[in-house]
Amino acid sequence: MPSEPDKVTEANLAKLNTAAQTAENEILSPISEGSEDRPQSVRSTLSFSQRTMDTMNTMIIRSILAVNEEPKRLPTERRKAPLSVPTTAVNFRGFVQKSGPMFVFQDGVESTLMWDDWLWTSLWMGIWAVVSLHPRLFICVPPAIAVTIMCNTFFIRFPITDETRNMPPGDALRSVLQGCNVLHTEPTAPPIEPRPVVEGEMKYFLHMRDIQNMMRLIIDGYDHISPVVKYLNWSDVPRTLRIFQASIVVLVLMYFVAPLIPWRLLVFLAGEFVLIHHHPWLQPALNAIKKHVHSARRSHRRAQRQHRLKQRLLDMLDEDRLPEYVWERGWKNVEVYENQRLLSSRQDGVDERSWGSQNLKQGERQAWTRGSDGFSASDTTAETIRHEPEEGYEWIDGDDWRIDWGGAWSRVGVDDQGYVYTDNCWSHPAPYAYGVDTSVPKTPSMTSETEEDELDQMSEDEISGSYRAVTRRRRWLRRAVKVAETKS
């Protein structure tokens with residue numbers, strides 16, 4: 001039998017459903033039915049704004065009924081006010097009127113980070129250095145903020161006179177201390193008080209602009225964080241499992257390493273780095289260095305070392321999960337090569353490029369081959385071996401085809417997707433699409449001085465025609481274990 005709370009819930013839902021149906025019939029019927037069939041008095045009873053408000057309330061009730069079957073949330077749900085269009089409008093209006101201090105603080109932080117006032121940012125660098133190296137000073141921050149606010153408001157009520165402003169600093173301080181008695185001197189200006197802005201004022205529209213930009217910040221932050229979910233939601237089980245294992249190892253290591261970390265120095269350097277990183281002189285220099293490094297061929301050599309190191313780590317983790325029978329029988333890596341060609345077309349004045357095996361020319365290598373050269377005698381069986389292993393072997397359960405990220409089979413390495421790019425004749429390999437991608441070198445990575453000399457003597461048109469990456473290939477691997485011997 002249903003409990004008493006369940007009966008109350010069902011009764012409330014029934015009431016909501018009845019109210020929604022009634023409102024829908026009364027409000028939406030003039031829209032669905034012909035106006036000539038409705039009396040003029042009925043159509044003119046409700047104004048357009050009233051009908052719009054009632055329609056929105058009906059939609060809200062329908063939404064509440066629609067989400068009723070969702071899992072129950074935290075107990076704090078019982079303490080939240082119900083959704084209401086009038087309440088939303090009132091709260092939004094009040095938020096616009098009274099959100100000024102929040103945006104003043106935001107502008108101050110942004111101005112400090114972006115070095116709009118060099119002296120002010122330098123001052124905060126010094127304050128951060130002292131406070132971070134002496135953490136006990138953090139408890140002094142709240143009273144220091146209160147003193148700063150009261151000093152600013154004091155000079156609003158007791159402004160400095162022109163006579164005092166023209167004095168030397170020492171005489172001005174002496175004059176203020178001797179001639180200003182807060183308890184007996186009559187203030188010359190009213191105290192500053194918080195005042196919400198009024199609709200129609202310029203500040204009201206400025207607050208709306210700041211709210212609009214704050215929404216954009218939240219959207220951008222969500223878009224930057226959401227791609228991380230795919231690494232943690234087990235959509236790719238092997239990848240998430242490796243991250244899970246690495247997290248456990250790091251957790252155990254950090255437990256023992258944490259006491260050895262100089263936290264004060266680390267916090268100091270982190271805060272100073274945030275301020276220095278946004279310096280207007282530093283950013284152009286970093287961008288120029290980054291552009292120079294990425295345009296040099298040596299950066300691709302470093303990338304190849306990173307790819308091969310990544311492949312070794314992945315192989316170690318994968319081999320550690322292999323069952324015992326695989327090690328007892330023995331296993332090997334079966335390889336096939338995927339071949340693709342670039343297809344360039346022009347539609348509506350826009351150049352479109354697409355890579356695919358369907359773009360391969362008739363008579364050249366097939367989409368899948370056994371050899372890296374694409375013309376081995378066993379190439380015809382490459383498509384078959386992708387589904388069936390060689391005789392005497394069988395696929396390991398749970399192990400699937402994987403890309404060779406290390407690219408040890410290539411003398412020049414591979415890119416981030418495991419591809420090696422070549423020209424129309426499948427020669428002059430490089431780990432980047434030279435002549436196609438404008439962000440990489442225009443020429444392939446040469447390995448001999450003779451080829452370098454030949455390239456230097458060629459014109460720009462000859463380079464773009466002969467040395468242009470329009471083909472590419474990569475290697476796929478899969479582990480196969482020996483078939484168990486049957487005892488006769």
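**Cysteines**

I looked up Cys140 first and found this residue partly exposed, with a relative accessible area of 39%. I then turned to Cys151, which is partly exposed as well, with a relative accessible area of 39%. I note that the model is a predicted one. A disulfide is a covalent bond between the sulfur atoms of two cysteines. I searched for such bonds, taking sulfur atoms within 2.5 Å as the criterion, and the count came to zero disulfides.

**Salt bridges**

How many salt bridges does the structure hold? I recorded 15. Side chains of opposite charge can pair when their charged atoms come close. I followed three of the pairs in detail.

*Asp318 and Arg321.* I find a salt bridge between Asp318 and Arg321, in which the closest N and O atoms are 2.8 Å apart. Is Asp318 buried or exposed? I list Asp318 as buried because its relative accessible area is 14%, under the 20% limit. Its partner Arg321 has a relative accessible area of 32% and is therefore entered as partly exposed.

*Glu390 and Lys332.* I find Lys332 in a salt bridge with Glu390, with 2.8 Å between the closest N and O atoms. This pair links distant parts of the chain, 58 residues apart. I place Glu390 in the loop between α16 (382–385) and β4 (393–395), and Lys332 in strand β1 (residues 331–347). Glu390 is partly exposed at a relative accessible area of 29%, and Lys332 is partly exposed at 27%.

*Arg474 and Glu338.* I find Glu338 bridged to Arg474, the closest N and O atoms lying 2.8 Å apart. Where in the chain do Arg474 and Glu338 lie? Arg474 belongs to strand β7 (residues 471–482) and Glu338 to strand β1, and the pair links distant parts of the chain, 136 residues apart. I enter both Arg474 and Glu338 as buried.

I also checked for salt bridges that share partners. One network joins Arg242, Asp318, Arg321, Asp399 and Arg479. The Asp318 and Arg321 examined above are thus both members of this network.

**Negative surface patch**

Which residues form the negative surface patch that I examined? I list Asp107, Glu110, Asp116 and Asp117. I took Asp117 as the residue to follow further. Asp117 sits in the loop between α5 (100–113) and α6 (118–133). I class Asp117 as partly exposed because its relative accessibility is 39%. That value fits the patch criterion of over 30% relative accessible area.

Technical notes
Residues numbered from 1 in each chain as written. Predicted model: local features only at pLDDT ≥ 70, side-chain atom pairs only at ≥ 80, totals over all residues. Heavy atoms only, no water. Patch = residues over 30% accessible without salt bridge, like charges linked within 9 Å, V, L, I, M, F, W, Y side chains within 5 Å. Areas by Shrake-Rupley, 256 points an atom, 1.4 Å probe, with all protein chains shown as cover. Salt bridge = Lys/Arg side-chain N within 4 Å of Asp/Glu carboxyl O. Lys, Arg positive; Asp, Glu negative; His and termini not counted. Charge placed at Lys NZ, Arg CZ, Asp CG, Glu CD. Helix = DSSP H or I, 4+ residues; strand = E, 2+ residues; numbered from the N terminus. Buried < 20%, exposed > 50% of the residue type's maximum accessible area, 1.4 Å probe, protein only.
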